[in-house]
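Could you walk me through this model in the viewer, one selection at a time? I would like to know what to pick next and what I will find there.

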Amino acid sequence: MDRAPGPSVRLRLTLSYAAFLMVAGALLLAAVWLFLLRYVPERALIVPSGTPIRYDVFPVRSNLLRVFAPRAAGVLAFLLVFGLVGGWFLAGRMLAPLTRVTEATRKAANGSLSHRIRLPGRRDEFRELADAFDTMLARLDAHVSEQRRFAANASHELRTPLAITKALLDVARSDPEHDTGELLDRLHAVNARAIDLTEALLLVSRAEQRSFAREDVDLSLLAEEATETLLPLAEKHGIGIETSGGITPTTGSEALLLQLTMNLVHNAIVHNLPGQGRVWVSTAVLAETVALTVENTGEHLTPELAGTLTEPFRRGTERVHTDHAGAGLGLAIVRTITHAHDGTLTLTPRPSGGLRITVELPVNVGG
């Protein structure tokens, strides 16, 4: 935004300091006049004849004023100069931290998010401002880096089905006698994967923008719906599912929270021990939050690997791979929906193998 140039804050503070000193000096001189000079006689004292003469000095008000006024003016001039010089120096010292904050802001506006102020000294208003700005820069830097990785990964993931489709069409063009049915089946599968990936990207964008209406939601009902919907998939892989928990009221988008629950249960089923795996889905009401927990059996995971599974297009290399590998956005969508509902997501490897994922959302007291 273009603004007309104006006096700097340092100049305004300097003038304020000088004006304060001038007012204080004027008040002091006025106090001298009111409480001292007004009691000095205006005329010389006349001594009657026969009165013993004392040779004391009796000042006259006019003489005092004639002597006092130039010196008072000199004092005020000194206070003015002292206030301007001292105020300029003090204002510069006080505003020095703000200059560093402004410099960091300009660098951030030019795209440099790695710069940090790191203002030394004890905590005060400027230090709190600098610390808050550093925290904001760190979050922006992490968010921009994540978005760049996400865009690169999304481009790569979307390019793969398009490249496969192009290759299949080139084969069909060069070999007209090629089995059309097989070609259509493969094209259908590739196209379905591209559609799923696109819908997942749109869902992530919608959740990040928080463009949804909030309503009363019971997580226990969503957990039951998700397990019933995915029960055939679990039976196909020989996975047993157990659900538990009572009413867990919260507020948010029922559709997004159902998608979150579906992703967690689906992830627990497809990344499991085939033929002998288990999945536990539970809900609970805590002190100030409600919790949805999904656990599954599976391969042993390290805490470092578990901490990266919510990154977009990240797949655990140590986990069991199935024909339902997905687009790599399942837990990334879960994390985005959780943050959009002001919740927390925790991934913890189970000692016996597998993963425990807990989503905590604000409790709906009225629910």
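Start by selecting residues 289-296 and 355-362, which are strands β5 and β7 of this predicted model. The two strands run antiparallel, and eight bridges join them. To see one of these pairings up close, pick Thr 293 in β5 together with Thr 358 in β7, its bridge partner. As background, strands of a sheet pair through backbone hydrogen bonds, in either a parallel or an antiparallel way.

Now widen the selection to the whole sheet. The sheet is open, has five strands in the order β2-β4-β5-β7-β6, and its pairing is mixed. Which strands stand at the edges? They are β2 (240-244) and β6 (344-349); each has a single partner strand, so one side of each is left without a neighbour in the sheet. Ignoring direction, neighbouring strands here are turned by 10 degrees against each other on average.

Next, add the helices that rest on the sheet. Select residues 219-236 to show helix α5, which lies across β2, β4 (278-285), β5 and β7. Its direction runs at about 170 degrees to that of β4. Then select residues 330-340 for helix α8, which packs on the sheet and touches β6 and β7. The direction of α8 makes about 140 degrees with that of β6.

Stay with α8 for a moment and colour by accessibility. The helix is mostly covered, with nine of its 11 residues buried. Among the buried ones are Leu 331, Ile 333, Val 334 and Ile 337, and also Arg 335, Thr 336 and Thr 338. Step just past the end of α8 to Asp 342, whose phi is positive, at about 60 degrees.

Your next stop is a single residue, Thr 250, in strand β3 (residues 249-252). Is Thr 250 buried or exposed? With a relative accessible area of 1%, Thr 250 is buried, because that value falls under the 20% cut-off. Show its side chain and you will find that it reaches the backbone oxygen of Pro 362 at 2.7 Å. Beyond its neighbours within four places in sequence, the residues in contact with Thr 250 include Glu 215, Asp 216, Val 290, Leu 361 and Asn 364. Leu 257 is another of these contacts, and Leu 257 is also one of the buried residues of helix α6.

That makes α6, residues 254-270, a natural next selection. Its 17 residues reach 24 Å from the first C-alpha to the last, close to the 24 Å expected at 1.5 Å a residue. This helix is mostly covered too, as 12 of its 17 residues are buried. Including Leu 257, the buried set has Leu 256, Leu 260, Leu 264, Ile 269 and Val 270.

For a change of scene, go to helix α2 (residues 61-109) and select Phe 78 and Phe 82, which lie four residues apart, about one turn of the helix. The structure holds one aromatic pair, and these two residues form it: the ring centres are 5.9 Å apart and the planes are at 20 degrees, so the pair is stacked. Both Phe 78 and Phe 82 are exposed.

Finally, zoom out to the full chain. It has eight helices and seven strands, and buried residues make up 34% of its 367 residues. Of the contacts with a separation of 6 or more, 71% are between residues 24 or more positions apart.

Note on methods
Residues numbered from 1 in each chain as written. Predicted model: local features only at pLDDT ≥ 70, side-chain atom pairs only at ≥ 80, totals over all residues. Heavy atoms only, no water. Buried < 20%, exposed > 50% of the residue type's maximum accessible area, 1.4 Å probe, protein only. Polar contact = N/O pair within 3.5 Å; in protein donor to acceptor, adjacent residues only side chain to side chain. Contact = heavy atoms within 4.5 Å. Expected span 1.5 Å × (residues − 1). Pairing = 2+ DSSP bridges. Axes fitted to C-alpha atoms, helices over the stretch in contact; angles between N-to-C directions. Phe/Tyr/Trp six-rings, centres within 6.5 Å; stacked < 30°, edge-to-face > 60°.
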